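Open the model in your viewer and keep the selection tool at hand. The tour goes stop by stop.

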Amino acid sequence: MILFSGSSNQLLAKAIADHLNIPLGNVDLERFSDGEIRPWIKDDVRDKIVFVLQSFAPPMNDHIMECILMGDAIRRGAPKRMIGIIPYFGYARQDKQHRMGEPVSARIIAKLIEVAPYQEVITVDLHNDAIVGFFRIPVIHKSALPLFARILPQYLEGDTVIVSPDVGGVKRARKLASQMDLPLVVMEKRRNLDAKDVSETVQIIGNVSGKTTVIVDDIISTGGTIANAATALKEAGAKRVLVTISHGLFTGHAFELLEQAQIDTIVVTDSIARKAFPSKKYVIASLASSLADTIRVIAQHA
Ligand code: R5P
């Protein structure tokens, strides 16, 4: 088998390769001066099981295009099987037509991946499970929740509750609550459709007074959802606020906002590459070993 990395998350790809004890595949990811991407696969892929890791993190459109062009380049080398590893699947929040005149972007991105043509996809914590149905090829939909459940206990003190910061995230938070055998609290968040990135917490369903609270969310983008949720939990008497995040985009002023927020710890996976974090409140939960295990299983059965 060969594992190639796109340019979005070479740190994670290298960590996976180390787990598998293999070198990363040899690929040149050249750009023309006008921005055109020109991948050049330098290894012989004939009859090999080929994995391509690419997170659809910002600059998202470039990373998606790179993933698709790498797919075409590999296909032309006659591999036995080609599998895309997409730790963060961007555009997933556009999983339905929120209002007339908008696209269902996640479905179109799924189709592009099939056109490449990847024959299988491994991904992690899709914003909406239903996105699996947008693909005709097999999708292995992994979750970071078991990893969080293993890491969190060392950071917890006293009575603890798991918190969903919005109604849409209840299923995800409930899973972690049941894995850790802890009660669930739900917050209601409203988002202004016209001011896309602005949200506010309007009510908390459950008791957080004097408790350690763990907010579970799939994505931090601007940080607004988590900062608002932390403020509301503190106002309702929460003793401590911890956060688990599958995909840390940290766009705009997210770090400033989160540094100011009353948050003790943010556990975030490495689905999106980041060399450094602004403070010690960030804990990295690496997906490398779990993704390496999945690659091993696929390779054994191919
Ligand atoms: C929304 O439904 C997601 O689960 C996240 O809560 C949201 O994407 C976070 O965005 P932001 O950090 O910009 O509030």
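The stops below run from the ligand outward to helices, strands and loops.

This is a predicted model: local features need pLDDT of at least 70, side-chain atom pairs count only at pLDDT 80 or more, and totals for chains, interfaces and linings use all residues. Residues are numbered from 1 along each chain as its sequence is written, and side-chain values use heavy atoms, with hydrogens and water left out.

**Stop 1: the ligand**

Select the ligand and its surroundings. How many residues surround the ligand? There are 14, and the closest are Arg93, Asp217, Asp218, Thr222 and Thr225. A residue is near a molecule or strand if one of its heavy atoms lies within 4 Å of it.

Now show the polar contacts (pairs of N or O atoms within 3.5 Å; within protein, one must be able to donate a hydrogen and the other to accept it, and residues adjacent in sequence count only if both atoms are side-chain atoms). Pick Arg93: a polar side-chain atom sits 2.7 Å from a ligand oxygen atom. Pick Asp218: an N or O atom of its side chain is 2.5 Å from an oxygen atom of the ligand. At Ser221 the partner is a backbone N or O atom, 2.8 Å from a ligand oxygen atom.

Next, switch on the surface. Alone, the ligand exposes 380 Å², and the protein buries 93% of that. Accessible areas come from the Shrake-Rupley method with a 1.4 Å probe; for residues, only the protein chains shown count as cover.

Color by element. β9 (184–191), β11 (212–220) and α6 (224–235) each give two or more residues to the shell around the ligand. Helices (H or I, at least four residues) and strands (E, at least two) are DSSP runs, numbered from the N terminus. β11 supplies the largest share, four residues.

**Stop 2: helix α6**

Select α6. With twelve residues at 1.5 Å a residue, α6 should span 16 Å, and its end C-alpha atoms are 16 Å apart, which agrees. The expected span is 1.5 Å times one less than the number of residues. Which residues of α6 are buried? They are Gly224, Thr225, Ile226, Ala227, Ala229, Ala230, Ala232 and Leu233. Buried means under 20% relative accessible area, exposed over 50%, and partly exposed in between (1.4 Å probe, protein chains only). After α6 comes Gly237, with a positive phi near 100°.

**Stop 3: strands β4 and β5**

Select β5 (residues 81–86). Five of its six residues are buried, so β5 is largely enclosed by the rest of the structure. Add β4 (residues 49–53): it runs parallel to β5, joined by five bridges. Strands pair if DSSP finds at least two bridges between them. Phe51 stands opposite Ile83 in β5.

From Phe51, jump to Tyr118. The two are 67 residues apart in sequence and 9.3 Å apart in space, C-alpha to C-alpha. Tyr118 lies in the loop between α3 (105–115) and β6 (120–124). Is Tyr118 buried or exposed? Tyr118 is buried, at 2% relative accessible area.

**Stop 4: unusual backbone**

Most residues other than glycine have a negative phi, and most peptide bonds are trans.

- Ala116 to Pro117: a cis peptide bond, omega near 0°. Pro117 shares the loop between α3 and β6.
- Pro58 to Pro59: also cis, omega near -5°. Pro59 is in the loop between β4 and α2 (60–75).
- Asn21: a positive phi of about 60°. At 70% relative accessibility, Asn21 counts as exposed.
- Ala78: a positive phi near 60°. Ala78 sits between α2 and β5 and is partly exposed at 28%.
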